[in-house]
Amino acid sequence: MERLEKPKKERLRVCVATCNRADYSKLAPIMFGIKSHPDIFDLEVVVLGSHLIDDYGNTFRMIEQDDFDIGSKLHTIVRGEDEAAMVESVGLALVKLPDVLQRLAPDILLVHGDRFDALALATAAALMNIRILHLEGGEVSGTIDDSIRHAISKLAHYHAVCTLSAERHLISMCEDHSRILLAGCPSYDKLLSAYKRDDYADIIKSWIGDDVKEQDYIVALQHPVTTDIKNSIKIYELMLDALISFNKKTLILFPNIDAGSKEMVRVMRRKGIEQHQNFRAVKHVPFDQFIQLVAHAGCMIGNSSCGVREAGAFGTPVINLGTRQTGRETGENVLHVRDADTHNKIYHALELQFGKRYPCSKIYGDGNAVQRILKFLQTIDLSEPLQKKFCFPPVKECISQDIDHILETQSALSVDLGGTNLRVGIVSMKGKVVKKYVQLNPKTFEERIELILTMCKQAMADAVHLNCRILGVGVSTGGRVNPQDGVVLHSTKLIKEWSSVDIRTPLSSALHLPVWVDNDGNCAALAERKFGHGKGVENFVTIITGTGIGGGIIQHNELIHGNTFCAAELGHIVVSLEGPECMCGGHGCIEAYSSGLALQREAKRLHDEDLLLVEGMTLNNKEQVNAIHLINAARLGNSKAETVLHTAGTALGLGIVNILHMINPSLVILSGVLAVHYETPVRQVIGQRALLTAQGTKVMVSDLEDPALLGAASMVLDYTTRRTY
């Protein structure tokens, strides 16, 4: 009998076409990924555009140095660098491309971005019935690039976008949602893993000079705006004047090949930039080295997309000049100078930005774009009809479908620093703790930071497999916190070596994510506002009853921090002038009566006096007396324990009455392990002691399992969902 063999699946023929140094930096990671799977893909490389021009560095050589076989080199640029030359270049490319595409016969063509060369590629492929995957569609930058980018998107059959906003734009442009992949920017895969090379200092020296130090130089890269050439040349000249006056070492790259570039080069040469002692003018820097230069620069200036995209991943300060990128999403590291009549405004921007560092931003990617794109390519069904379909649903339906997708995938990394345990969680937009990690909280600062980073990196790695896209990191910690700067000002006595600690900077730098920090009481209030009983309530107070007593105040839907970030220290409301000593050094605070430590203190006192244990209770010699023993004793009828709990509940109730009279909330939420034991006495005290107008205030016990983790996550999720793109 003849043996039947299963037919072997044919490899997917993928053609990658690159037109210039900028798009190659985005396409190269995908090309390496395709090349690493020869059993699945057959890679063809086509090079055209400014890659092949000496004035722009003959950058096709870097493709050959990366060990890619270039199947075709097409000289498609008509020199002139004006509007007519750009149109003629598109026409020349359309004349030459059909023969190449017919010979290669790819299953799919990868086209990047918004260049006029890319428009020629997409037009030729669409007319020749070749499937097109467009990278970085749906974005908005504010120039003619928008029109070209959207035109390519309409010709393309599939899309790999960098941001949620870009995905929404394509959906609103009637593109099929099922053919849009939210991948992130491929260049982030390389720059997030490679920008901390050990030899970055050598790279700085080789390009800028031996005496130049990290963060003490500027990278300048300005391109012409083809819809407003005259004004873009004026701003370029003012930028050069400002840089000369600012008197810092500057690496300046030549502009791209767009109309107006010749005039810009003339301005540069007229000002003697190439001979100036502070400037190093170059045509091209290899991307892996350019990453190092941008990452460690004191500032980047110009209108390159690198400034608003890649630079944000390093926290490098950026000055964006003119209108070329003003429509793009940016991190807080970008300062816009949209117009200027003199160089003074640009000089002032340099004074404001130079030498600063900002939280790392990952708006454009998390380092896993290539992995997603390769999987997406494998799902393409070549037997499906080639003719693309446009979706024309009502706008509401479109948004609803998109929101469901967000709720399933968008997530936050949440860190909770307790007195005993350090916890990290992956929290979804719906408030589900997808995965949680718990370790004992180390005693020293160095060990604690190291453990936080280790746990966060593990969570980020797991998030990829759990289909969770991490938007940022939220940190909940005990003590007084400055959330604006991400600094723990004063910690509780339970967390050692944790005062005057900048926690945002090391986390943001190592994880390449924006970081938010607040104290655990405020985080509990934020958790209730987003996921708990406080949802939709304009004014409420959350009281945490645990090892200590803390809380948070929401007024007019906003969290109250106070002038010195000391608001809502509810545990230190004084309810007795003669009360027991508190950990803060005062006497008679709520925390001295009602906290877990206070109950533990009273339990030990009763036990030492042989007044704690009653029938039905046992306690071995090794077991430490704690608040739970006191609560169990009271439940079993121990009158002494009942008196202690009644006093604790009364003290908490009196403190809450003071809160009601001060800020008049409509709801009080009791949170923490002791909350259920205090609910009844608190209601009784309010009924007895509060003003008549405040006696109707609702008191509820939180039903959130992890308020600290959820609150820390809500700082991330609230910011990202409220972002205006």
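These questions and answers cover salt bridges and one sheet in a predicted model.

Residues are numbered from 1 along each chain as its sequence is written. In this predicted model, local features need pLDDT of at least 70, side-chain atom pairs count only at pLDDT 80 or more, and totals for chains, interfaces and linings use all residues, while side-chain values use heavy atoms, with hydrogens and water left out.

Student: How many salt bridges does a search of the whole structure find?
Tutor: Side chains of opposite charge can pair when their charged atoms come close. A salt bridge here is a side-chain nitrogen of Lys or Arg within 4 Å of a carboxyl oxygen of Asp or Glu. Searching the whole structure gives 31.

Student: How many residues apart in sequence are the parts that Lys-388 and Glu-175 tie together?
Tutor: Their side chains meet in a salt bridge, 2.8 Å from N to O. Lys-388 sits in the loop between α14 (369–378) and α15 (395–409). Glu-175 sits in the loop between α6 (164–172) and β7 (180–182), so the parts tied together are apart by 213 residues.

Student: Is Glu-175 buried or exposed?
Tutor: Buried means under 20% relative accessible area, exposed over 50%, and partly exposed in between (1.4 Å probe, protein chains only). Lys-388 has 11% and counts as buried. Glu-175 has 3%, so Glu-175 is buried.

Student: Which helix holds Lys-234, the partner of Asp-339?
Tutor: Helices (H or I, at least four residues) and strands (E, at least two) are DSSP runs, numbered from the N terminus. The salt bridge between Asp-339 and Lys-234 spans 3.5 Å, N to O. Asp-339 lies in the loop between β13 (334–337) and α13 (344–353). Lys-234 lies 105 residues apart from it, in helix α9 (residues 229–246).

Student: Which strands stand at the edges of the open sheet?
Tutor: Two strands pair if DSSP finds at least two bridges between them. The sheet has 6 strands in the order β10-β9-β8-β11-β12-β13, with parallel pairing. Each edge strand has a single partner, so one side of each is left without a neighbour in the sheet. The edge strands are β10 (279–282) and β13.

Student: At about what angle does helix α8 run to β10?
Tutor: Axes are lines fitted to C-alpha atoms, for helices over the stretch in contact (heavy atoms within 4.5 Å). Angles run from 0 to 180 degrees between N-to-C directions. Helix α8 (residues 200–208) lies across β8 (217–221), β9 and β10. Its angle to β10 is about 90°.
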